[in-house]
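Hi,

Here is the structure I promised to send over. Have a look at it first, and then read on for my notes on what turned up in it.

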Amino acid sequence: VHWLGQKKNSIPNVFCSAMTSGLIYSMATMPLEASKNRMASQKRDPKTGKLPYTSTLQTLRKVSAENGFFALYNGFFPYYLRCGGHTVSMFILVQILRDFYAQNMM
């Protein structure tokens, strides 16, 4: 038993660490995901025939300049649920496998 009466490597601790990791992961990668999605769904300008976005960095700069930096975080909550859910399932699965290995193989 450790700080706040929680056991090391318990499932609630693993869950909380996974959600925190998922949050940090989501915050770091959401602008890149938004840029990728904008580039994938772009349409040519009917007058010039040019695409509005040419690279990831150009897309990040253009969206930030035209719509503000936080436009890159539109749809953050569903993205966080997807990333956080995946991270939680992987962290818990790894912890269960580690516990199984420690109890049965050592």
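Let me begin with proline 31, which touches Leu60, Leu72 and Tyr73 once residues up to four places away in sequence are set aside. Please keep in mind while you browse that this is a predicted model. Proline 31 is part of helix 1, and it is buried, with a relative accessible area of 10%. For a sense of scale along that stretch, proline 12 is 19 residues away from proline 31 in sequence, and their C-alpha atoms are 30 Å apart in space.

Proline 31 also belongs to the meeting of helix 1 with helix 2. On the helix 1 side the residues are Pro31, Leu32, Ser35, Arg38 and Met39, and they meet Thr56, Thr59, Leu60, Val63 and Asn67 of helix 2. How do the two axes lie? The axes of helix 1 and helix 2 come within 9 Å and cross at roughly 95 degrees. Since angles of 65 to 115 degrees count as roughly perpendicular, helix 1 and helix 2 are therefore roughly perpendicular to each other.

Next, the core. The largest nonpolar core has 10 residues: Met30, Ala34, Tyr53, Leu60, Val63, Ala71, Leu72, Tyr73, Tyr79 and Cys83. Which elements give two or more residues to this core? They are helix 1 (11-40), helix 2 (56-67) and helix 3 (76-104). Two of the core residues, Leu60 and Val63, are also among the helix 2 residues that meet helix 1.

Tyr79 and Cys83 of that core come up again around serine 26. This serine sits in helix 1 and counts as buried, at 0% relative accessibility. Beyond its neighbours within four places in sequence, serine 26 is in contact with Phe76, Tyr79, Tyr80 and Cys83. Phenylalanine 77 makes a nice contrast: this residue has its place in helix 3 and, at 54% relative accessibility, counts as exposed. Phenylalanine 77 and serine 26 are 51 residues apart in sequence, with their C-alpha atoms 9.2 Å apart in space.

Now for the charged side chains. How many salt bridges does the structure hold? There are 2, and Glu33, Lys36 and Arg82 are linked through them in a network. In one, the side chain of lysine 36 meets that of glutamate 33 at 3.7 Å, N to O. Both of these residues lie in helix 1, 3 residues apart, or about one turn of the helix. Lysine 36 is partly exposed, its relative accessible area being 46%. In the other, the side chains of arginine 82 and glutamate 33 meet at 3.5 Å, N to O. Here arginine 82 lies in helix 3 and glutamate 33 in helix 1, so the pair ties together parts that are 49 residues apart in sequence.

One last spot to look at is glutamine 58, which lies in helix 2. A polar atom of the glutamine 58 side chain lies 2.8 Å from the backbone nitrogen of threonine 54. Leaving out neighbours within four places in sequence, glutamine 58 is in contact with Pro52 and Tyr53. Tyr53 is one of the residues of the largest nonpolar core.

If you have only a minute, I would start with glutamate 33, where the salt bridges to lysine 36 and arginine 82 can be viewed together. After that, turn to the crossing of helix 1 and helix 2 at roughly 95 degrees.

Happy browsing, and best wishes

Conventions: Residues are numbered from 1 along each chain as its sequence is written. This is a predicted model: local features need pLDDT of at least 70, side-chain atom pairs count only at pLDDT 80 or more; totals for chains, interfaces and linings use all residues. Side-chain values use heavy atoms; hydrogens and water are left out. A nonpolar core is a set of buried Ala, Val, Leu, Ile, Met, Phe, Trp, Tyr and Cys residues joined through side-chain atoms within 4.5 Å. Buried means under 20% relative accessible area, exposed over 50%, partly exposed in between (1.4 Å probe, protein chains only). Helices (H or I, at least four residues) and strands (E, at least two) are DSSP runs, numbered from the N terminus. A polar contact is a pair of N or O atoms within 3.5 Å; within protein, one must be able to donate a hydrogen and the other to accept it, and residues adjacent in sequence count only if both atoms are side-chain atoms. Contact means heavy atoms within 4.5 Å. A salt bridge is a side-chain nitrogen of Lys or Arg within 4 Å of a carboxyl oxygen of Asp or Glu. Axes are lines fitted to C-alpha atoms, for helices over the stretch in contact, and angles run from 0 to 180 degrees between N-to-C directions. Angles under 35 degrees count as roughly parallel, over 145 as roughly antiparallel, 65 to 115 as roughly perpendicular and the rest as oblique.
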